2 protein chains.
Amino acid sequence: MTSDLASLSDKEAPALGFHEHDHDICVSEALAEAEKRCAEQGLRLTPVRRKVLEILLQEHRALGAYTILDLLRDAGFGSQPPVAYRALDFLVENGFVHKVERLNAFVACAHPGENHSPAFMICRVCDAVAEAHSTPSKGALGAAARAAGFQIERTVVEAEGVCPACADKADP
Amino acid sequence: MTSDLASLSDKEAPALGFHEHDHDICVSEALAEAEKRCAEQGLRLTPVRRKVLEILLQEHRALGAYTILDLLRDAGFGSQPPVAYRALDFLVENGFVHKVERLNAFVACAHPGENHSPAFMICRVCDAVAEAHSTPSKGALGAAARAAGFQIERTVVEAEGVCPACADKADP
DNA sequence: ATATCTCATGTGATCTTATAACATTAGCAG
DNA sequence: CTGCTAATGTTATAAGATCACATGAGATAT
């Protein structure tokens with residue numbers, strides 16, 4: 001049940017602001033971590049896949065596939081949709097990236113390696129996305145599923161609302 | 001915390017099977033109920049809106065906007081996307097219909113009138129969708145939101161997995 | 001009754017998101 | 001080096017959603 005307040009508030013600012021250096025370190029650490037996990041699990045973190053992950057880590061917010069594709073092209077990779085979607089498929093399948101269904105957008109996982117049942121808080125004002133953990137099998141949904149004999153394999157839990165930063169701006 | 005086992009199992013069959021008569025009654029009752037609520041609340045359940053609701057009740061499963069649009073055209077209504085989207089917007093806004101984000105599809109509300117925090121169970125084999133209630137403010141997500149100072153306005157809770165009917169078919 | 005205002009609908013164009021299909025290339029196993 | 005498998009490149013198209021503007025239908029006020 002972790003929440004990333006940080007990601008809720010730093011979206012409107014350019015991805016690289018005062019904390020540029022720190023963020024660079026955080027990106028490269030996350031990339032190194034991903035490389036390690038791929039090596040361990042026999043997964044191939046190819047250049048496109050690595051670049052897509054790097055983009056999402058760098059931006060630190062939810063990006064649409066076509067935005068990612070633009071950035072891929074800028075970096076000299078193929079510029080057709082499947083290039084981005086295939087890399088995203090790989091990253092999502094292996095838990096490096098999550099898809100935010102409400103936004104049809106993708107965001108780097110904030111808790112890589114851990115057991116994944118992500119939940120997202122999405123600010124409708126600034127579009128910032130924070131990742132938390134959810135415990136789907138516990139609450140009402142889990143009970144309903146058990147009652148119905150439905151086998152849950154994956155859950156989408158997304159809350160839409162107003163982040164603290166935007167709430168402060170609204171009523172001062 | 002209600003669950004609709006029915007809607008999980010009757011999707012592969014044509015929408016109108018053995019239970020045709022019963023289902024017709026259930027559709028017309030739901031329509032009458034909707035008309036009553038609209039009258040009470042000063043909402044206009046116009047012909048297109050009513051037809052879209054009728055389609056979703058009749059089919060009793062999640063339909064994409066363009067499928068609905070095709071059925072609208074068959075029924076003599078306009079055939080351009082905004083016709084369907086506008087009717088769906090109205091129905092969703094007023095709680096007669098829900099959008100299933102995972103499927104980019106729409107389904108008639110199974111618990112109209114009640115307080116809405118729907119949760120869905122989506123069978124990845126047969127695409128059937130069952131509606132249950134969720135209690136977002138309770139579990140892990142609610143706690144994370146409170147901790148972060150995030151104001152939840154709406155939640156998307158969708159579980160993907162295998163419905164009992166499809167599970168039975170898989171391992172007999 | 002009719003002018004007018006508002007909300008709803010019709011329509012064409014466009015935009016965004018996602019996938020299908022097939023050719024090409026890279027890395028690895030024999 | 002050969003042949004296999006996985007990944008990438010590229011073209012085309014499907015599927016989902018919105019914009020902008022014209023038309024129509026109902027209510028309200030004169």
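**DNA strand D**

I began with the surface near DNA strand D, whose residues divide into eleven nonpolar, five polar and three charged. I count Ala, Val, Leu, Ile, Met, Phe, Trp, Tyr, Cys and Pro as nonpolar, Asp, Glu, Lys and Arg as charged, and the others, Gly among them, as polar. The model is predicted: local features need pLDDT of at least 70, side-chain atom pairs count only at pLDDT 80 or more, and totals for chains, interfaces and linings use all residues. Residues are numbered from 1 along each chain as its sequence is written, while chains are lettered from A and ligands numbered from 1 in the order in which they are written.

I found 19 residues around strand D, the closest being A:Thr46, A:Gly78, A:Gln80, B:Gly64 and B:Pro81. A residue is near a strand or molecule if its C-beta atom, placed from the backbone, lies within 6 Å of it. At least two residues of this surface come from each of helix H3 (47-59) and H5 of chain A and helix H4 (65-74) and H5 of chain B. H5(A) has the largest share, five residues. Helices (H or I, at least four residues) and strands (E, at least two) are DSSP runs, numbered from the N terminus.

**DNA strand C**

I then listed the 20 residues around DNA strand C, of which A:Pro81, B:Thr46, B:Gly78, B:Gln80 and B:Pro82 come nearest. Two or more residues each come from helix H4 (65-74) and helix H5 (81-93) of chain A, and from helix H3 (47-59) and helix H5 (81-93) of chain B. Here H5(B) supplies the largest share, five residues. I sorted the surface near strand C into eleven nonpolar, six polar and three charged residues.

**Chain A against chain B**

I looked up the contacts next: 40 residues of chain A are in contact with 40 residues of chain B, a contact being two C-beta atoms, placed from the backbone, within 7 Å. On the chain A side, E5(A) gives the most, twelve residues. That side divides into 24 nonpolar, nine polar and seven charged residues.

E5(A) pairs with strand E5 (residues 151-162) of chain B in the antiparallel sense over eleven bridges; pairing requires that DSSP finds at least two bridges between the strands. A:Gln151 stands opposite B:Val162 in E5(B).

I laid chain A on chain B with an RMSD of 0.1 Å, by a turn of 179° and a shift of 0.0 Å along the axis. That is the relation of a two-fold axis. The superposition is by least squares on the C-alpha atoms of residues with pLDDT of at least 70 in both copies. Of the chain A residues, A:Val157 comes closest to the rotation axis, at 2.4 Å (C-alpha). The same surface serves both copies, as 100% of the contact residues of chain A recur in chain B.

**Core and hairpin**

The largest nonpolar core holds 96 residues, and A:Val52, A:Leu56, A:Val97, B:Val52, B:Leu56 and B:Val97 touch the most other members. Such a core is a set of buried Ala, Val, Leu, Ile, Met, Phe, Trp, Tyr and Cys residues joined through C-beta atoms within 7 Å. Beyond its neighbours within four places in sequence, A:Leu56 contacts A:Leu63, A:Val97, A:Phe106, A:Val107 and A:Ala108.

A:Val97 led me to strand E1 (residues 97-100) of chain A, where A:Val97 and A:Lys99 on one side and A:His98 and A:Val100 on the other are all buried. Buried means 20 or more other C-beta atoms within 10 Å of the residue's own, C-beta atoms being placed from the backbone. E1(A) pairs with strand E2 (residues 105-108) in the antiparallel sense over four bridges, and A:Lys99 has A:Phe106 as its bridge partner. The two strands form a hairpin with four residues between them, and A:Asn104 in the turn has a positive phi of about 45°.

Terms used. Buried ≥ 20, exposed ≤ 12 C-beta atoms within 10 Å, placed from the backbone.
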